[in-house]
Amino acid sequence: MLNHRLFSERLKEFMDEYELNETALSEKIKMSRVSVSGILNGAHDPSTKFLINVAELFHCSADYLLGLTDYPKQTEFESVKDFGICFRKFLKDYKTSQYYLKKELHISSSLTYKWLYKNTTPSVNMLIKLAKRFGCSVDYLLGREK
């Protein structure tokens, strides 16, 4: 599960470093200031789109923002690809199936179908769950790293 406090703390550190307030950040990532404020205050989870946008803006690892690693890894990442493409690669690389994921993670077949064919991206919490279960990074799942 997402550690809201740590996510907010790390996001605020980057905002300070880049001299951005909530309004400026919301403009840069094209989201409402109210949404940004709610995420910073832990009122609601960030969307996957929000996570991708801030990770790309600050040139940092999504895993660092999420508290899955202690190293920001500010480096060049690949552009985020269609999740269906990344998910197919993940299934192949980890020699697993949709059926296995359904049983192992207690998710529906329709959900994995949407990830594969409907250009739907998992929630941040599901990305964390997948990364932890398979020992990979969220950045890998999003196609940002190889």
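This tour visits a series of residues and helices in turn, stating what to select and what is found there. The model is predicted.

**Helix α1 and its partners**

Begin with Phe14 and Tyr64, which form one of the structure's 14 aromatic pairs. Their ring centres are 6.1 Å apart and their planes stand at 85 degrees, an edge-to-face arrangement. Phe14 belongs to helix α1 (residues 4-17) and Tyr64 to helix α5 (residues 62-65), so the contact ties together parts that are 50 residues apart in sequence. Both residues are buried.

Remain in helix α1 and select Arg10 together with Asp70. Their side chains join in a salt bridge, with 3.2 Å from N to O. Because Arg10 lies in helix α1 and Asp70 in the loop between α5 and α6, this pair ties together parts that are 60 residues apart in sequence. The two ends differ in setting: Arg10 is buried, at 8% relative accessible area, whereas Asp70 is exposed, at 57%. The count of salt bridges in the model comes to seven.

**Helices α2 and α3, and the loop beyond**

Next, select Arg33 and Glu22, another salt bridge, whose closest N and O atoms are 3.2 Å apart. Here Arg33 of helix α3 is linked to Glu22 of helix α2 (residues 22-28), 11 residues away. Arg33 is partly exposed, with 38% relative accessibility, and Glu22 is likewise partly exposed, with a relative accessible area of 24%.

Proceed to Asn41, in the loop between α3 (33-40) and α4. Asn41 is exposed, at 58% relative accessibility. Its C-alpha atom is separated by 9.8 Å from that of Glu9, although the two residues are 32 apart along the chain.

**The aromatic cluster and Thr96**

Now display Phe83, Phe87, Phe90, Tyr94, Tyr100, Trp115, Phe134 and Tyr140 together; ring pairs link these residues into a cluster. Over the face of Phe134 lies Arg133, 5.2 Å from the ring centre.

Add Thr96, located in the loop between α6 (83-93) and α7 (98-105). Is Thr96 buried or exposed? Its relative accessible area is 16%, so Thr96 counts as buried. Apart from neighbours within four places in sequence, Thr96 is in contact with Phe90, Leu91 and Phe134.

**Helix α8**

Select Tyr113 and Tyr117 in helix α8 (residues 109-117); they are four residues apart, a separation of about one helical turn. Tyr113 is partly exposed, with a relative accessible area of 41%.

**Helix α9**

Move to helix α9 (residues 124-134). Eight of its 11 residues are buried, so this helix is largely enclosed by the rest of the structure. The buried residues are Val124, Asn125, Met126, Leu127, Ile128, Leu130, Ala131 and Phe134. Which elements cover them? The cover includes α4 (48-57), α6, α7, α8 and α10 (138-141). After α9 comes Gly135, which has a positive phi, near 65 degrees.

**Arg144**

Finish at Arg144, which takes part in two arrangements described here. With Asp139 it forms a salt bridge, the closest N and O atoms being 2.6 Å apart. Arg144 also lies over the face of Phe77, at 4.2 Å from the ring centre. Arg144 is buried, at 3% relative accessibility, and so is Asp139, with a relative accessible area of 1%.

Key:
Residues are numbered from 1 along each chain as its sequence is written. This is a predicted model: local features need pLDDT of at least 70, side-chain atom pairs count only at pLDDT 80 or more; totals for chains, interfaces and linings use all residues. Side-chain values use heavy atoms; hydrogens and water are left out. Rings of Phe, Tyr and Trp (its six-membered ring) pair if their centres lie within 6.5 Å; planes under 30 degrees apart count as stacked, over 60 as edge-to-face and the rest as tilted. Helices (H or I, at least four residues) and strands (E, at least two) are DSSP runs, numbered from the N terminus. Buried means under 20% relative accessible area, exposed over 50%, partly exposed in between (1.4 Å probe, protein chains only). A charge sits over a ring if NZ of Lys or CZ of Arg is within 6 Å of the ring centre and within 35 degrees of the ring normal. Contact means heavy atoms within 4.5 Å. A salt bridge is a side-chain nitrogen of Lys or Arg within 4 Å of a carboxyl oxygen of Asp or Glu.
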